[in-house]
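Me: Please go through the core, one helix and the ligand site of this model with me, one question at a time.

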Amino acid sequence: MTPTSPSVPPATDPHENDVGRRFLAHWPRLEAKLAEVYGGNPRWATFVAALKDRVWAAAIARPPALRDLDARREASPDWLGAPGQGVYTFYVERFAGDLPGVRKRLDYLDDLGVRWLHPLPLLKSRPGDSDGGFAVADYRQVDPRLGDMDDLEALAADLRDRDMGLILDVVCNHTAREHAWAAAARAGDQAYRDYYITLDAEEAAERERHLIDVFPDTAPGSFTFDPDMDGHVWTTFYPFQWDLNYANPAVFAEMLEVLVFLAAKGVQGFRLDSAPYLWKAAGTTSRNRPQAYAIVEAWREALAIIAPSTVLVAEAIESLDDVLPFFGRDGSGCDLAYNNAVMTALWGALADGDAGVFDRCLAASAGKPRRAAWLNYVRCHDDVIWNALAAYASPRDLDRWSAFYGQGGGFAHGRAFQTAGGGAPSTNGMAAALAGLAPGEGPGSAGAERLALLYGVIHALDGWPLIYMGDEIGLPNDEAYADDPLRATDGRWLHRPAMDWRAAARRNRAGTLEAELFTRFRQLGDRARALTDLGVAGPARPVELGSPAILAFERTEGARSLLCLANLTDVPRSAPLPATFSAATRDVLTGRERTGETIDLEPYDLVWLVTA
Ligand code: GLC
């Protein structure tokens, strides 16, 4: 299939000129990606012609208020690799009640120094259990409990004024059973029945043999019999989350319309939820198929024409080999991806007081392309999935970490969670609880030091650091979820507490835990951002110091290098420094100059050295 050559109408205004230029650059690539997935489809020619018109029209219709940002980012294509682009992620309702509430908290977030907000799903979800909003009933409406589209646009505009950005989830793998597409399908409309995948009992059973249950305890199996559909509907997650049928090009086009719609509201980034599951293929696990990568790449190319300042974030909690292609197999793909391997390995290394697994994962994560960035994190709203490290650690390691964090005995206060495909149970719990910071413990406690260490590491890595709501003040686990029938069955609510604003207010009172942690988190962002000549595009690489208790890695940009050192244990350690760092260096976090061939680290000490 040869891509058709783009025809660009003669430009009549500067914006059309820009769109024309982008169209020429990206349309052939977009078409090639689509041909990879849909080239053999009998509707290909009509589909691609209609899409071409739509992409052009959507780009022309880009709201003028957003064109400036497009122009600025296009003019500095390396902007993504600027250091210190912290992201704050939270549930709107838990953080501030609703969207107007979030707008009132922007000073708090500015004070923390984050540059991006990622509120978890806030579009209209199904009534009752909605998997934390991940069962979307309408992609064009804000959940009425949280506000409306005007509130969302106003938040996006507020953020732009502060030079900050908004990232939203696009739950692209599935809709709620209550979504209008699913309702039409249930009512018998064939066009909409083709939006979903309905199999007879035998076919479903055959597919099931190859699939891995995501929630084996609470939602076993990947199919749900639905009488209206007269068959077994593909439901990878909960029975009320219906997987979309991306073999149907109309579904690709619909989801592109969702991206276009939200981008026009001022959303600057899209977290592509459950991206690995987009393509199903008989006889396979139906995860991380080449077509799933091609679909994401095609969205990227389309947005490069329509809304070039936007970023795509891959949510792919998989083995690193399967995550890396989400950055694009030949240059265009997601701009960011969760660095799940390094995050999980960090916890493993902390439990063992041995950086080995972190080093292995970090070395492998260096395969990221320079134009993209990792989203580095310590915790998020989901469980820590040990099995995703299977390529880098033995089953015994995975079991040990799972038991350490989920069953007590060590310093951690987490809880075991169901796990996909058997193996080591995943772990739930807030970062503070997993780091062993018990409620009531003060600053300087080992738990507080461990928590600060973990965040210090992710702020030094090659990418954007993500702060999970409440970690900046050491918020503990929330046991109350167990009393709410809608949440009680899903243990992930243990680490989805409501923001404790009284505790947050203590960040201004010196000597409190909140003041200590908040200040350190803010400093991490500030100090990272100040390293303007040390962008985060280049890979971080582990450094061998001969002392596994000290986690060590280096990043280099041009003539500048940063060495991050973290003592993973509760005893003082020292280690020889690599030659480049034994001459004059500056400790970025304390501002002190230093020289010397060895470095001494206090328990859980964290040091960022830069060459002078
Ligand atoms: C993603 C979300 C998770 C959700 C699942 C299904 O993994 O992070 O919270 O349960 O997708 O949408």
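Reply: Buried means under 20% relative accessible area, exposed over 50%, and partly exposed in between, with a 1.4 Å probe and protein chains only. The model is predicted, so local features need pLDDT of at least 70 and side-chain atom pairs count only at pLDDT 80 or more, while totals for chains, interfaces and linings use all residues. Residues are numbered from 1 along each chain as its sequence is written, and side-chain values use heavy atoms, with hydrogens and water left out.

Me: Is glutamate 301 buried or exposed?
Reply: Glutamate 301 is in helix H12; helices are DSSP runs (H or I, at least four residues), numbered from the N terminus. Beyond its neighbours within four places in sequence, glutamate 301 is in contact (heavy atoms within 4.5 Å) with His26, Arg29, Leu30 and Ser332. Because its relative accessible area is 2%, glutamate 301 counts as buried.

Me: Which class of exposure does glutamine 291 fall into?
Reply: Glutamine 291 also has its place in helix H12. Not counting residues up to four places away in sequence, glutamine 291 touches Val37 and Trp279. Its relative accessibility is 24%, so glutamine 291 is partly exposed.

Me: Which helix gives the most to the largest nonpolar core?
Reply: A nonpolar core is a set of buried Ala, Val, Leu, Ile, Met, Phe, Trp, Tyr and Cys residues joined through side-chain atoms within 4.5 Å. The largest has 186 residues, and Tyr88, Leu117, Tyr246, Trp299, Trp347 and Phe358 touch the most other members. With 11 residues, the top contributor to this core is helix H12 (residues 290-306).

Me: How many residues are in the second, separate core?
Reply: Among its members are Ala575, Phe581, Ile599 and Leu601. The count for this second core is 13 residues.

Me: What share of the ligand's area does the protein bury?
Reply: The ligand is surrounded by 13 residues (a heavy atom within 4 Å), the closest being Asp131, Arg271, Asp273, His381 and Asp382. Polar side-chain atoms of arginine 271 and aspartate 273 lie 2.8 Å and 2.9 Å from an oxygen atom of the ligand, and for an N or O atom in the side chain of aspartate 382 the distance is 2.4 Å. Taken alone, the ligand exposes 300 Å² (Shrake-Rupley method, 1.4 Å probe), and the buried share is 94%.

Me: How many residues of the shell around the ligand are charged?
Reply: Asp, Glu, Lys and Arg count as charged; Ala, Val, Leu, Ile, Met, Phe, Trp, Tyr, Cys and Pro as nonpolar; and the others, Gly among them, as polar. The shell holds 3 nonpolar and 4 polar residues, and the charged ones number 6.

Terms used: Helix = DSSP H or I, 4+ residues; strand = E, 2+ residues; numbered from the N terminus. Polar contact = N/O pair within 3.5 Å; in protein donor to acceptor, adjacent residues only side chain to side chain.
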